[in-house]
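Visitor: I should like to learn how to read a protein model, feature by feature. Where should one begin?

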Amino acid sequence: MVQIHSALVIADNSDALYLVAQVLISAGVRSVCQARSAAQALEILQTRTFRLLIADYRLEGMDGVEFLEQVRARGNQTPVLLLSGAPDKAGVIRAAQQPRANFFSKPFRIAEITDAMERLLAA
């Protein structure tokens, strides 16, 4: 697996936030930062950099694709993995137009998400 030194996880559901953070830690990510909203994540990204961003698709205020678009508009090309149980077609199309981004379906197995992270980071 590609070494991931740091990751930022964005989810407004505290259980989902904790679960994804724990998956990353168990996969060997050295530093996992958590944000409870896309707006909070954008603030964090003003002062910190990460090897990987993982965002829930459905977020209060700004969905994961809008977050991805804002990240890219700021010139940040960090790989982004969007997690969704039921993404809408328009959102998937918009995300596919962005470089270094991918959707991953929930629920997931740990091996599946680590494989998805590996493919995204290798691209």
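**Reading the fold**

Guide: Strands S3 and S4, together with helix H3, make a right-handed β-α-β unit. Please keep in mind that this is a predicted model.

Visitor: How many helices and strands does the chain have, and in what order do the elements run?

Guide: One reads the elements from the N terminus. The chain has five helices and five strands, and its elements run β-α-β-α-β-α-β-α-β-α. With a radius of gyration of 13 Å, close to the 14 Å that the globule rule gives for 123 residues, the chain is as compact as a globular protein of that length. Along the principal axes, its C-alpha atoms fill a box of roughly 30 × 30 × 30 Å.

Visitor: What share of the contacts in the chain with a separation of 6 or more comes from residues 24 or more positions apart?

Guide: Such residues account for 63% of those contacts. As for covering, 46% of the 123 residues count as buried. The chain exposes about 6300 Å², and carbon and sulfur atoms supply 50% of that area.

Visitor: Which strands pair with S3, and in what sense?

Guide: For pairing, one looks at the bridges and at the direction of the partners. S1 (residues 6–10) runs parallel to S3 and is joined to S3 by four bridges; here Ile10 stands opposite Ala55. S3 (residues 52–56) also pairs with S4 in the parallel sense, over four bridges. In that pairing, Leu53 stands opposite Val80 and Asp56 stands opposite Leu83.

Visitor: With which further strand does S4 pair?

Guide: S4 pairs with S5 (residues 101–105), in the parallel sense and over five bridges. Leu81 of S4 stands opposite Asn102 of S5.

Visitor: Are the residues of S3 and S4 buried or exposed?

Guide: One examines each face of a strand separately. Five of the five residues of S3 are buried, so S3 is largely enclosed by the rest of the structure. Leu52, Ile54 and Asp56 lie on one side of S3, Leu53 and Ala55 on the other, and all are buried. Strand S4 (residues 80–84) is mostly covered as well, with five of its five residues buried. Val80, Leu82 and Ser84 point one way from S4, while Leu81 and Leu83 point the other way.

Visitor: How is Val32 placed, and which residues does Val32 touch?

Guide: Val32 belongs to strand S2 (residues 31–35). Its relative accessible area is 22%, and buried means under 20%, so Val32 counts as partly exposed. Leaving aside residues up to four places away in sequence, Val32 touches Ala7, Val9, Ala21, Leu24 and Ile25. The C-alpha atoms of Val32 and Met117 are separated by 14 Å, and the two residues are 85 residues apart along the chain.

Visitor: How many salt bridges does a search of the whole structure find, and which residues form a salt bridge?

Guide: For a salt bridge, one checks the distance between the charged groups of the side chains. The search finds one salt bridge. Arg94 forms a salt bridge with Glu69, and the closest N and O atoms are 2.8 Å apart. This pair links distant parts of the chain, 25 residues apart: Arg94 lies in helix H4 (residues 89–96) and Glu69 in helix H3 (residues 64–73). Arg94 is partly exposed at 29% relative accessible area, and Glu69 is partly exposed at 28% relative accessibility.

How values were computed: Residues numbered from 1 in each chain as written. Predicted model: local features only at pLDDT ≥ 70, side-chain atom pairs only at ≥ 80, totals over all residues. Heavy atoms only, no water. Salt bridge = Lys/Arg side-chain N within 4 Å of Asp/Glu carboxyl O. Helix = DSSP H or I, 4+ residues; strand = E, 2+ residues; numbered from the N terminus. Buried < 20%, exposed > 50% of the residue type's maximum accessible area, 1.4 Å probe, protein only. Pairing = 2+ DSSP bridges. Right-handed = clockwise from strand over helix to strand, strands pointing away. Rg over C-alpha atoms; globule rule 2.2 N^0.38 Å. Contact = heavy atoms within 4.5 Å. Areas by Shrake-Rupley, 256 points an atom, 1.4 Å probe, with all protein chains shown as cover.
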